[in-house]
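Welcome to this tour. Please open the structure in your viewer and keep the selection tool at hand, and we will go from stop to stop together.

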Amino acid sequence: MGSSVETLEFQAETRQLLRLVIHSIYSNKDIFLRELISNASDALDKLRLESLTDANLGADTSDLHITLETDPDARTLTVRDNGIGMTRDDLVELIGTIAKSGTAGLLEKIKEADDAAAAQSLIGQFGVGFYSAFMVADRVTLHTRRAGGEEGTRWESDGEGTYEIQSVDGLPVGTSVTLHLKPVDGEDGLADYLAEHKIRQIVKQYSDFIRWPIRMTVERTDAEDVTTSDVETLNSMKAIWARPRSEVTEAEYHEFYRQISHDWQDPAETIHMRAEGNFEYEALLFVPSRAPFDLYSRESKRGVQLYVKRVFIMDDCEALMPNYLRFVKGVVDAHDLSLNISREILQHDRQIRSVRRRLVKKVLGALKTVRDNDAERYAELWGQYGRVLKEGLLEDVDNTEALLELVSADSTHDKGTTTTLRAYVERMREGQDTIYYLTGENRTTVENSPHMEAFAAKGYEVLILTDPVDEVWTDQVPAFDGHRLQSIAKGQVDLGGSTGDDEDAESGAKRDEEFAALLPWLTAALSDEVKEVRLSSRLTTSAACVVGDADDMTPTLEKMYRAMGQQMPPVKRILELNPTHPLITALRAAHGANADDTSLKEIAELVYGSALLAEGGDLPDPARFTRLLTERLTRGL
């Protein structure tokens with residue numbers, strides 16, 4: 001028996017909110033079940049906590065659970081829990097009105113929201129996700145009884161403008177929400193929410209890791225047409241990220257990784273962390289052993305999932321992991337976010353940005369630990385992710401030093417292994433304060449470049465950088481650990497003379513005087529291609545090489561920008577000559593004997609073209625170069 005039914009009106013603003021929820025806010029109607037299960041889970045949490053602090057509550061907490069019940073004949077779906085329950089006043093305050101949350105402000109913000117996703121977040125922030133039930137139901141009936149109370153309450157509404165409320169006797173502690181479902185309508189996104197497979201799919205996707213069992217009675221018919229009913233638990237409840245690391249085995253970590261990544265291999269690294277304080281969360285991250293096939297695809301998605309209190313919110317949460325760590329898989333479970341927080345709101349959430357910073361430092365720290373303790377395994381990881389990690393040097397200024405610690409590259413020190421910048425610094429010669437490098441298409445091209453000659457002759461180690469991204473990050477990162485990074489194909493190179501005394505200075509001055517006439521003549525003759533011709537200190541066997549000024553863009557980087565559709569002004573470079581090479585001394589002598597000889601300009605073009613080819617560059621006019629070379633060879637035979 002109960003009291004008479006009382007009909008009340010929703011607050012005016014609440015009616016507006018209901019219309020928004022039912023018709024505009026949610027694009028995916030499946031989430032109604034996520035919302036109701038989450039509410040039920042919260043009720044179970046509250047009962048468990050209150051039973052620990054209130055010995056007189058008298059609640060049975062021995063089997064806390066959530067039950068889903070279907071009635072195909074009545075077309076109803078019921079979500080039932082034996083949690084804390086609600087009083088009549090609770091119902092009126094939480095469901096009949098949203099005045100305590102600032103109704104006017106809520107609606108004003110929703111109207112100002114740019115899209116449905118932002119509006120969803122606002123809805124969730126004000127705790128009215130319960131209203132999503134009206135997206136799939138013509139009518140919702142709720143029965144509840146507060147733990148420690150004797151009287152229960154029945155609440156019912158069609159979501160239009162009024163609701164009925166009535167005191168009821170004999171109800172168990174907890175809450176049941178019964179949805180009188182609308183007809184199935186695929187065009188409107190209304191699935192068959194009575195179908196077992198659909199319920200299983202929603203629970204698996206959104207609520208699999210809820211700590212409480214979600215049970216449902218299922219019927220099975222055997223080969224002899226005998227039908228039996230069994231109660232099954234639909235969720236795994238295995239949120240291993242919520243357990244202490246000491247209680248989780250490697251096998252459990254690996255199994256969970258395979259479940260979320262669909263990767264058949266074990267992860268290379270596992271990162272399990274928990275943060276407490278003003279913003280609590282747990283994170284379980286994995287570095288895969290192999291890079292995903294779409295790592296460099298524009299459609300590549302980041303692999304970190306966001307949960308709120310074990311309720312799945314979204315895949316590939318971009319706010320939690322920067323683009324250059326998009327290969328990291330795992331989950332982050334935040335305790336204090338709204339269930340309906342949108343991607344747009346996440347991008348600007350101060351607490352989420354703090355979580356992101358800590359996650360990034362954890363991942364980079366884990367990779368550095370591998371680098372320090374297992375060189376062979378780190379070489380494998382760098383081979384998989386080195387290129388994408390170097391993207392971080394362009395994107396993440398805050399972690400530049402941490403990323404530079406991870407950089408691994410080929411080097412002239414040892415052809416068989418790569419080296420880190422730290423190891424390079426430790427091997428630097430006495431008095432050396434610069435880290436030398438050269439970029440190129442491949443190791444062979446770089447090793448055979450004329451720019452290498454003096455460095456090889458004098459025993460200076462040079463990093464060999466062959467990834468396209470190397471052209472960009474080396475241009476933006478000035479130094480590592482106080483040591484300047486310098487391309488040996490740019491600017492002036494001073495590796496010191498053989499003795500450094502007055503005799504060397506006198507020799508240099510004499511050499512400059514000998515070439516005083518040739519150099520300006522060559523600069524004028526090749527003015528369409530170069531901005532200067534000068535003597536080189538970096539050549540030992542080659543006749544010439546082409547270099548850039550210290551701040552010039554490299555030809556490869558120039559081509560990359562043009563390939564991306566950016567119009568770049570052509571950059572003239574510098575032709576450097578080896579003053580001891582027979583070809584250059586012969587050219588100087590020929591120019592001194594007859595500066596008006598027209599064939600000298602052709603020789604100058606051949607010298608410049610040969611220098612371009614030696615560094616793997618492109619000739620401005622291949623046909624002309626070939627003709628001049630052929631004619632010169634013919635004359636020599």
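**Stop 1: a pair of charges**

Select Arg243, which is partly exposed, with a relative accessible area of 29%. Here buried means under 20% relative accessible area, exposed over 50%, and partly exposed in between, computed with a 1.4 Å probe on protein chains only. Now add Glu252: this residue forms a salt bridge with Arg243, and the closest N and O atoms are 3.2 Å apart. A salt bridge is a side-chain nitrogen of Lys or Arg within 4 Å of a carboxyl oxygen of Asp or Glu. Glu252 is partly exposed too, at 30% relative accessible area. Side chains of opposite charge can pair when their charged atoms come close.

Before moving on, note that this is a predicted model, in which local features need pLDDT of at least 70, side-chain atom pairs count only at pLDDT 80 or more, and totals for chains, interfaces and linings use all residues. Residues are numbered from 1 along each chain as its sequence is written, and side-chain values use heavy atoms, with hydrogens and water left out.

**Stop 2: more salt bridges**

How many salt bridges does a search of the whole structure find? The search finds 45. For one of them, select Asp30 and Lys198, whose side chains meet with N and O 2.9 Å apart. This pair links distant parts of the chain, 168 residues apart: Asp30 is in the loop between α1 (12–25) and α2 (31–53), and Lys198 is in helix α6 (residues 196–206). Helices (H or I, at least four residues) and strands (E, at least two) are DSSP runs, numbered from the N terminus. Are these two residues buried or exposed? Asp30 is buried at 8% relative accessibility, and Lys198 is buried with a relative accessible area of 14%.

Next, select Glu631 and Arg627, whose side chains form a salt bridge of 3.3 Å, N to O. They are four residues apart in helix α21 (residues 622–636), so about one helical turn separates them. Then select Lys368, Arg371, Asp372, Glu405, Arg422 and Asp481: salt bridges that share partners join them into one network.

**Stop 3: two helices that cross**

Stay with α21 and add helix α20 (residues 599–614). The two helices pack at an angle of about 120°, with their axes 10 Å apart. Axes are lines fitted to C-alpha atoms, for helices over the stretch in contact, and angles run from 0 to 180 degrees between N-to-C directions. On the α20 side, the residues making the contact include Ile603, Leu606 and Leu613; on the α21 side, they include Phe625, Leu628 and Leu629. Contact means heavy atoms within 4.5 Å.

**Stop 4: the open sheet**

Now show the strands. Nine of them form an open sheet with mixed pairing, in the order β1-β6-β5-β4-β7-β3-β2-β8-β9. Two strands pair if DSSP finds at least two bridges between them. Which strands are at the edges? They are β1 (6–9) and β9 (227–233), each pairing on one side only. Neighbouring strands of this sheet are turned by 20° against each other on average, direction ignored.

Begin at β1, which runs antiparallel to β6 and is joined to β6 by four bridges. Select Thr7 to find its bridge partner in β6, Glu164. Strand β6 (residues 162–168) is largely enclosed by the rest of the structure, because five of its seven residues are buried. β6 also pairs with strand β5 (residues 152–157), in the antiparallel sense over six bridges, and there Arg154 stands opposite Gln166. β5 and β6 form a hairpin with four residues between them, and Gly159 in the turn has a positive phi of about 75°.

Go to the other edge, where strand β8 (residues 214–221) and β9 pair in the antiparallel sense over seven bridges. Val218 has Asp230 of β9 as its bridge partner. Add two helices to the view: α2 lies across β2 (66–71), β3 (76–81), β7 (174–181) and β8, at about 25° to β3, while α6 lies across β2, β3, β8 and β9, at about 150° to β8.

**Last stop: a loop residue**

Finally, select Ala268, in the loop between α7 (250–261) and β10 (269–275). Ala268 counts as buried, at 18% relative accessibility. Leaving aside neighbours within four places in sequence, Ala268 is in contact with Val287, Pro288, Ser289, Arg377 and Leu381.
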